[in-house]
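Biologist: Hi! Could you walk me through this one?
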Amino acid sequence: MVKSFYDMKAHRIAVTVAALVAAVFIFGGRIRAADVSFPIYFPDSKLIVKADVMNRTVYLPIKEIIGRMGLPYTDSVALETLTIRSGSNQLVVTKNSALISYNGQIILLPSPIVREDNRWLAPVEFLTTGLSRMTPIEFRYRSGTSRLFVGNIEAPELEMNAQTLGPITRVTLRSAIPINVGVKREDPTKAILSLNVSPLDPARERIDHRDRLLHSVVFDDSDGDSKIVLDITREVSDLRITPADNNRIFFVDLLRKGEPVTAAPATEAPATTAAKPDSVAPDRRVRVVVIDPGHGGMDSGAKTSAGIEKDLTLALARRLRTVLQMRLGTTVLLTRDADIALDNEARSAVANNNQANLFISLHIGYSGNKMESTSSIFIMKEGFGETVSQTSAGNQLFLPWYLGYRTHRQGSAAAATMLQEELIKQISGWKFAIRTAPLAVLGSATMPSLLFEIGNLNNNVNAQTLADNGFQARLVNTMVDAIQRFSESPQAAAN
């Protein structure tokens, strides 16, 4: 049976109305939503209470909280007052009144106190502006969240981010302290990431990110345990978790059914002896490096009988990641770790979204002149896009985000110069020129960024050299020398 457009529309309206009626009801003239669990974290324990949401105001049960704090009180049914005592201090609240009395001083709350079914309910501000005056205990609450911190309890900050990277979707978690993350898929459309630290203080409670694999990322600690709920689609076949930065960063990759994903190779030892990460690192400003292996997927880049650019750039990127992690202890992210296609905006977004301090896009050169062997270190052309007016920018969608490079162009130039100098010292017989160009992959990067185009794949000697493991190891170690030098320079971006 085929339903008409109007039949389907009427059905959606009926379902929506029914859902609203189920979730919201009128009580004593107040619009009231369903109760929600609300954790209150004390230095030595946690209390889970049922919070009522009335007229968009969060109400908490007073007697449960003061009982946990050990404060005596008198509940006068006849006078419709609740009197709370702490030493010589006295706090009096009255039913249906926004006025509370502290030692005879009147304090006005943004919403009235409510008493129903022997429960006294108060807006969160009652704790932060009223109850906190009676004791030396501080109550900390951030509007829009569903938790309360009491006293000197430490709640490490947690950042969540989601981004589409070609056929995969990546959720990035960044914690102020090391954590552990586990995953459990409850049903085809929901996955739970369990975190072993509680409490945590998420910078955002929810991220709405709608693509083919993910709809939303929601932090949930309603039962006192930290977890992240992923609203995923049925196209997700697997979830892979990769830790970084000593378990302060986790990458959760959502993979599509039938999508081949090449696993990263085993850790390779560089040609020269790699030093361990410094136990006490010097003043290094480059903590996060994003490496972009050029091309991928259907875009193979330069292609000759000696090799394919997309494969060579990925191999070099993986080697560079390994050596950076081993020698400098740097957090290193690849824009792609498999043979997948990415557009320029997605590549630079990996660096921007992960607050990278340096972005390097790797390419292999190609020239019709088989004798050409010059390598090029590109930075964004100075002044590109600055003459574009607001009017013309409104008609050309790509232009506004092409201006991000300007914030760190001097840093990009410094990084390029240091890389050139180190390469000239270590790679004899090769030429390394610094050039400028309006390159899309660098335009929106908001940190020092460069594009390194190596050799000429059409030059037989270059091609054989680029495929040599010894040369690759020497090239990568030289690049790490330059990155270390730049990291300790004042031109580096301290994000």
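Modeller: Happy to; we can go through the overall make-up, then a pocket, then a strand. Keep in mind that this is a predicted model.

Biologist: Sure. How many helices and strands does the protein chain have?
Modeller: The protein chain has 10 helices and 31 strands. Of its 495 residues, 49% are buried.

Biologist: And what share of the contacts with a separation of 6 or more comes from residues 24 or more positions apart?
Modeller: Those pairs account for 65% of such contacts in the protein chain.

Biologist: Let's move to the second largest pocket. How much space lies in it?
Modeller: About 320 Å³. The pocket is lined by 15 residues, and the closest to its centre are Val36, Ser37, Thr145, Ser146 and Glu205.

Biologist: Which elements give two or more residues to that lining?
Modeller: Strand E2 (30-41) and strand E20 (214-220) do. E2 gives the most, with 4 residues.

Biologist: What is the lining like by class?
Modeller: It has 6 nonpolar, 5 polar and 4 charged residues. Domain 1 (32-150) and domain 2 (157-260) each supply at least three residues to the lining.

Biologist: New topic: strand E27. Which way do its residues point?
Modeller: E27 covers residues 331-334; Thr331 and Leu333 point one way, while Val332 and Leu334 point the other way.

Biologist: Are those four buried or exposed?
Modeller: All are buried.

Biologist: Why would the directions switch like that?
Modeller: Because side chains in a regular strand alternate between the two faces of the sheet.

Biologist: How does strand E24 run relative to E27?
Modeller: E24 (residues 288-293) runs parallel to E27, and 4 bridges join the two. Val288 stands opposite Thr331 in E27.

How values were computed
Residues are numbered from 1 along each chain as its sequence is written. This is a predicted model: local features need pLDDT of at least 70, side-chain atom pairs count only at pLDDT 80 or more; totals for chains, interfaces and linings use all residues. Side-chain values use heavy atoms; hydrogens and water are left out. On a 1 Å grid over the protein atoms alone, a cavity is a set of points where a 1.4 Å probe fits but cannot get out, and a pocket is an open set with protein on both sides within 12 Å along at least five of seven lines; lining residues have an atom within 4 Å of a point. Grid points are joined across faces, edges and corners, and a volume is the space filled by probe spheres set on the points. Ala, Val, Leu, Ile, Met, Phe, Trp, Tyr, Cys and Pro count as nonpolar, Asp, Glu, Lys and Arg as charged, and the others, Gly among them, as polar. Domain bounds come from an automatic or database domain assignment. Buried means under 20% relative accessible area, exposed over 50%, partly exposed in between (1.4 Å probe, protein chains only). Two strands pair if DSSP finds at least two bridges between them. Contact means heavy atoms within 4.5 Å.
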